[in-house]
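Hi everyone, thanks for coming. I'd like to walk you through one model today, so have a look at the screen and then we'll go through it together.

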Amino acid sequence: MHLHEYQAKEYLREFDVPVPSFHVVSDSREAKEIIQSEGIDSAVVKVQVHAGGRGKAGGVKICHSREEVLSAVDALLGMKVVTKQTGPEGMVSNKVLIDSMVDIDKEYYLGAVIDRKAGRSMLIASPEGGMEIEEIAEKYPAKIAKVPIQLDGSVRSYHLIRLAKVMGWSIGPKEKGLQLVKALAKAFAASDASLLEINPLVKTKDGDFYAIDTKMTIDDNALFRQNKLADCYDPSQQPESEVRANEHDLAYVAMDGNIGCMVNGAGLAMATMDIIQYYGGKPANFLDVGGGANVQKVAEGFKLILSDPKVKGILVNIFGGIMNCATIAEGVVTAAAEQEINVPLVVRLEGTNVDQGRKMLEESDLEIIVAKSFTEAAQKICSEVGA
């Protein structure tokens, strides 16, 4: 789950990470009141959307007067931001951030991620701030420091020394940059984040450090124990279909193809999309109904798939390990009957009680095409849609 910049900054403040003073507004009247009461004469005004590249898209404005701040707020509220991350459909900014100006002397990059290969949390730092980390890695690979974060959120002293050398900082307990690094590592571990990025992290002419821009993503699987962060969820930043999927505990991502997919298990879902592509088709979605799928979940899955007008056929691919294939077959038959599916439906079941499940599908009054193998299922659905 992504957080807005202002939400990430509010969270970082709890760990004593210094951030500039800021205000978040959702209408011009509110902005005018804050500007007058706080005596704001200059600011950086930013759209609040779940995407990077906001500045290049015109979503960040530097203002040097109250009139410019108000004008920027009016221009950016409701703005449709289109970047590489949003795709051509873009995202609408329903809130804007009014950020204080900072006298910048030097910009840095600082982030924390999960290193999947190493199986641990990792800090990434560079003295080349204000750039995408991929660009830094390509242009200045020697200017990147990677050091591990311990399970308790601490960073070992000798790792901090290595990081300080790359960043050009002094080494000692009073080095403000290293204090901020340690605070960021604590925040990352405590939040169950998969990404926590400060770019740029800036040093002022007075030697102070500030997190100017932040990006934060929380592991969805950990939200049950991150109630405060879970409340930061903003459904306006997702397509309606994905919001509905979230409400029913379904993992759904819309795509550009015409073959709807309903699968249990993320790995199997990826493989299903791959084999559809292999046989000339194009998947319309990623949909994982999970290991505990029931009739209601299957029904909601069909609703999501059929809400996409591009869908010309549906492939249901279920592996019944813990799950009983007969139960799934019952769910598919019931849900399919309720939804009045008017496109070809191919179902492949494998696993526990698979023979009983297939028999239930074949004996139903519905036009369900039963496939016995993964390959057969993909070939049949691609043939049905003319791929």
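**Salt bridges, a pocket and some unusual backbone**

Let's start with Lys-9 and Glu-5, which are both buried; buried here means under 20% relative accessible area, exposed means over 50%, and partly exposed is in between, with a 1.4 Å probe and protein chains only. Before I go on, please keep in mind that this is a predicted model, where local features need pLDDT of at least 70, side-chain atom pairs count only at pLDDT 80 or more, and totals for chains, interfaces and linings use all residues. Residues are numbered from 1 along each chain as its sequence is written, and side-chain values use heavy atoms, with hydrogens and water left out.

So, what do Lys-9 and Glu-5 form? They make a salt bridge, with the closest N and O atoms 3.0 Å apart. By salt bridge I mean a side-chain nitrogen of Lys or Arg within 4 Å of a carboxyl oxygen of Asp or Glu. As general background, side chains of opposite charge can pair when their charged atoms come close. The two residues sit 4 residues apart in helix 1, residues 5-13, so about one helical turn separates them. Helices and strands, by the way, are DSSP runs numbered from the N terminus: H or I with at least four residues for a helix, E with at least two for a strand.

How many salt bridges does the structure hold? The count is 19, and I'll show you two others.

One is in helix 10, residues 295-306, where Glu-300 and Lys-303 lie 3 residues apart, about one turn of the helix. Glu-300 counts as buried at 12% relative accessibility, while Lys-303 is partly exposed with a relative accessible area of 35%. Sharing of partners also occurs: Glu-5, Lys-9, Lys-46, Arg-54, Asp-99 and Asp-213 are joined into one network by salt bridges. Back to Glu-300 and Lys-303 for the distance: their closest N and O atoms are 3.4 Å apart.

The other is Asp-105 with Lys-205, at 3.9 Å between the closest N and O atoms. This pair links distant parts of the chain, 100 residues apart: Asp-105 is in strand 8, residues 104-115, and Lys-205 is in the loop between strand 11 and strand 12 (209-211). Asp-105 is partly exposed, with 49% relative accessible area, and Lys-205 is exposed, with 55%.

Asp-105 also has a contact I'd like you to see. Thr-204, which is in strand 11, touches Val-102, Asp-103, Asp-105 and Tyr-210, not counting residues up to four places away in sequence. Contact means heavy atoms within 4.5 Å. Thr-204 is buried, with a relative accessible area of 8%.

Now for a charged residue without a partner. Asp-234 is buried yet has no salt bridge, and the nearest side chain of opposite charge, Lys-95, is 7.3 Å away. For charge, Lys and Arg count as positive and Asp and Glu as negative; His and the chain ends are not counted. Asp-234 lies in the loop between helix 7 (227-230) and helix 8 (240-247). Which residues does Asp-234 touch? They are His-4 and His-50, leaving aside residues up to four places away in sequence.

Next, the backbone. Asn-199 and Pro-200 are joined by a cis peptide bond, with omega about 10°, and Pro-200 is in strand 11. Asp-192 is not a glycine, although its phi is positive, about 60°; you'll find Asp-192 in the loop between helix 6 and strand 11. Asn-353 has a positive phi too, near 55°, and lies in the loop between strand 18 (345-351) and helix 12 (354-363). Asn-353 is partly exposed, at 37% relative accessible area.

One last stop, again in helix 10: Val-298 is located there. At 2% relative accessibility, Val-298 counts as buried. Val-298 touches Met-262, Gly-331, Val-332 and Ala-335, with residues up to four places away in sequence not counted. From Val-298 to Gly-280 there are 18 residues in sequence and 26 Å in space, C-alpha to C-alpha.

That's the tour. Thanks for listening!
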